[in-house]
Amino acid sequence: MMNNVDSDYAKRDSLWVIHGDDCQEMTYALLESLDPVQNLDRRAHIGIKPNLVCASPASSGATTHPEIVESILIYLQDRGFDHISIMEGSWVGDSTQRAYKVCGYTALSKKYKVPLVDLKKDPAVKMQYGGIDFRVCGLVQSLDYLINVPLIKGHCQTKITCALKNLKGVIPDEEKRRFHSMGLHRPIAFLNRLVKPDLIIADDICADPYFEEGGRPGNANRIVAGFDPVLMDSYAAQCLGYEPGEIEYINIAVREGVGRLLESMNQVRYLENLSGGRHETAAAKIKPRLLPVIKNQRDACSACYSNLLSGLASLGGNKADKIDLDRIAIGQGWQEMDDSPGLIGIGDCTAHFDCHLPGCPPSAEEVQDFFEELID
């Protein structure tokens with residue numbers, strides 16, 4: 001992947017933040033300020049990678065606002081770029097095509113005549129880093145310029161997800177499952193040595209600060225731009241109430257030379273607040289939410305684990321208190337375990353259990369119904 005633009009250290013060592021009520025206008029203002037493609041060949045193939053982890057509208061706090069991507073398209077087409085693709089591979093168990101439609105990207109594709117690529121269907125190429133073999137969607141590796149458009153949101157397993165983890169969408173579903181069997185953090189960091197975005201535009205308009213599948217949208221009305229995924233995730237961690245050192249894959253990414261930590265808020269530059277109010281002078285932090293601990297979690301995929309926790313949360317205090325969390329088992333690691341007396345299995349990986357909820361993954365609603373029936 002070519003990196004023709006913005007090799008200047010000072011620019012790569014900074015983030016740009018804008019607040020406002022119109023995310024399309026905000027995005028365009030960021031792009032005009034940065035002018036990131038000024039030296040890029042107009043024949044370059046540009047890929048835009050949003051976060052469409054599931055088929056939920058951006059207002060739920062789970063997915064990238066289509067208005068942000070629309071503004072990127074307008075900006076690029078205004079400057080003569082016409083070889084642009086939007087690409088994504090939704091999480092295991094969800095349909096990318098359905099996500100494109102529900103999240104407003106199918107309409108965007110028709111309006112601007114830009115193809116939508118379902119990376120779940122893209123042939124993968126073999127790559128290696130750190131002694132680990134990876135399979136990465138081939139189209140991503142053939143790009144000339146990659147724009148990563150993640151959310152600054154919470155995650156039930158890794159605490160946060162932003163620029164570094166958003167690249168998990170460029171690998172096939174079987175690789176996503178394998179990442180969890182490898183502990184998730186290290187492969188995420190290593191993947192970012194193999195796939196390097198040229199520009200990052202992070203959506204923090206109303207991202208869910210607790211769960212990756214949304215449902216509890218925030219109200220930050222903020223968009224952040226930068227070039228270093230580690231720098232971006234350092235800022236994202238602080239926004240979500242964590243120190244960057246608390247996020248394991250950020251630490252690994254630093255050690256592997258993916259990028260640099262945010263060392264000072266002087267590295268954060270603020271553009272004019274388009275809503276008329278005063279902008280922040282530091283990352284606005286929230287208090288992290290304490291999630292239930294599932295001791296019998298063994299290499300669970302994010303979709304399954306997140307839906308489990310969401311379903312349990314939906315039970316309400318009285319009913320939730322009746323659930324023995326130590327009896328719940330979830331994850332790929334249980335597929336080869338025959339002896340599971342007294343355990344309650346979640347997902348198809350526990351299909352051999354006497355008591356289990358089927359699905360790959362079961363939805364949060366199915367989890368809630370399943371436990372309500374068990375309680376009754």
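**Sheets, cores and a pocket in a predicted model**

In this predicted model, strand β14, made of residues 328-330, pairs with strand β15, made of residues 344-346, in the parallel sense, and 3 bridges join the two. Within this pair, Ala329 has Gly345 of β15 as its bridge partner. The two strands belong to an open sheet of 4 strands, arranged in the order β13-β14-β15-β16 with parallel pairing. At its edges lie β13 (296-297) and β16 (355-357), each of which pairs on one side only. Two helices that pack on this sheet can be described. Helix α12 touches β13, β14 and β15, and its direction makes about 155 degrees with that of β14. Helix α14 is in touch with β14, β15 and β16, and the angle between its direction and that of β16 is about 150 degrees.

The loop between β16 and α14 contains Pro361. The peptide bond that leads from Cys360 to Pro361 is cis, its omega being near 0 degrees.

The helices α12 and α14 also contribute to the largest pocket, which has a volume of about 360 Å³. Its lining consists of 17 residues, and those nearest the centre of the pocket are Glu213, Asn307, Ser363, Ala364 and Glu365. Two or more lining residues are given by each of α12 (302-313) and α14 (364-375). The largest share of the lining, 3 residues, is that of α14.

A further open sheet has 8 strands, in the order β4-β3-β2-β7-β10-β11-β1-β12, and its pairing is mixed. In general, the strands of a sheet pair through backbone hydrogen bonds, in either a parallel or an antiparallel manner. The edge strands of the 8-stranded sheet are β4 (116-118) and β12 (268-270), which each pair on one side only. On average, neighbouring strands of this sheet are turned by 25 degrees against each other, with direction ignored. Inside the sheet, strand β2 (residues 46-50) and strand β7 (residues 145-149) are paired in the parallel sense over 5 bridges. Lys49 is placed opposite Asn148 of β7.

Helices pack on this sheet as well. Helix α2, which spans residues 23-34, touches β1, β10 and β11 (222-226), and its direction makes about 25 degrees with that of β11. Helix α10 touches β1, β10, β11 and β12, and the angle between its direction and that of β11 is about 155 degrees.

Helix α10 is also a contributor to the interior of the model. The largest nonpolar core comprises 50 residues, and Ile160 and Val195 have the most contacts inside it. At least two residues of this core are supplied by each of β1 (15-19), β5 (124-129), β6 (132-137), α7 (163-166), α9 (185-194), β10 (199-204), α10 (229-239) and α11 (248-255). The largest share, 7 residues, comes from α10. When neighbours within four places in sequence are left aside, the contacts of Ile160 include Asp233, Ala236 and Ala237, together with Leu240, Tyr242, Ile247, Tyr249 and Ile250. Lys153, Gly154, His155 and Lys165 are likewise in contact with Ile160. Another core, of 42 residues, lies apart from the largest one and has Ile72, Leu73, Val149 and Phe227 among its members.

Two of the strands that supply the largest core, β5 and β6, pair with each other in the antiparallel sense over 6 bridges. The bridge partner of Ala124 is Cys137 in β6. These strands form a hairpin with 2 residues between them, in which Gly130 adopts a positive phi near 60 degrees.

Positive phi values are also found in residues other than glycine. Lys113 has a positive phi of about 55 degrees although it is not a glycine. This lysine, Lys113, is located in the loop between α5 (105-112) and β4. Because its relative accessibility is 73%, and a residue over 50% is classed as exposed, Lys113 counts as exposed. Lys159 likewise is not a glycine, and its phi is positive, near 75 degrees. Lys159 is situated in strand β9 (residues 159-161). Its relative accessible area is 35%, so Lys159 is partly exposed.

Definitions and conventions: Residues are numbered from 1 along each chain as its sequence is written. This is a predicted model: local features need pLDDT of at least 70, side-chain atom pairs count only at pLDDT 80 or more; totals for chains, interfaces and linings use all residues. Side-chain values use heavy atoms; hydrogens and water are left out. A nonpolar core is a set of buried Ala, Val, Leu, Ile, Met, Phe, Trp, Tyr and Cys residues joined through side-chain atoms within 4.5 Å. Buried means under 20% relative accessible area, exposed over 50%, partly exposed in between (1.4 Å probe, protein chains only). Contact means heavy atoms within 4.5 Å. Two strands pair if DSSP finds at least two bridges between them. Axes are lines fitted to C-alpha atoms, for helices over the stretch in contact, and angles run from 0 to 180 degrees between N-to-C directions. On a 1 Å grid over the protein atoms alone, a cavity is a set of points where a 1.4 Å probe fits but cannot get out, and a pocket is an open set with protein on both sides within 12 Å along at least five of seven lines; lining residues have an atom within 4 Å of a point. Grid points are joined across faces, edges and corners, and a volume is the space filled by probe spheres set on the points.
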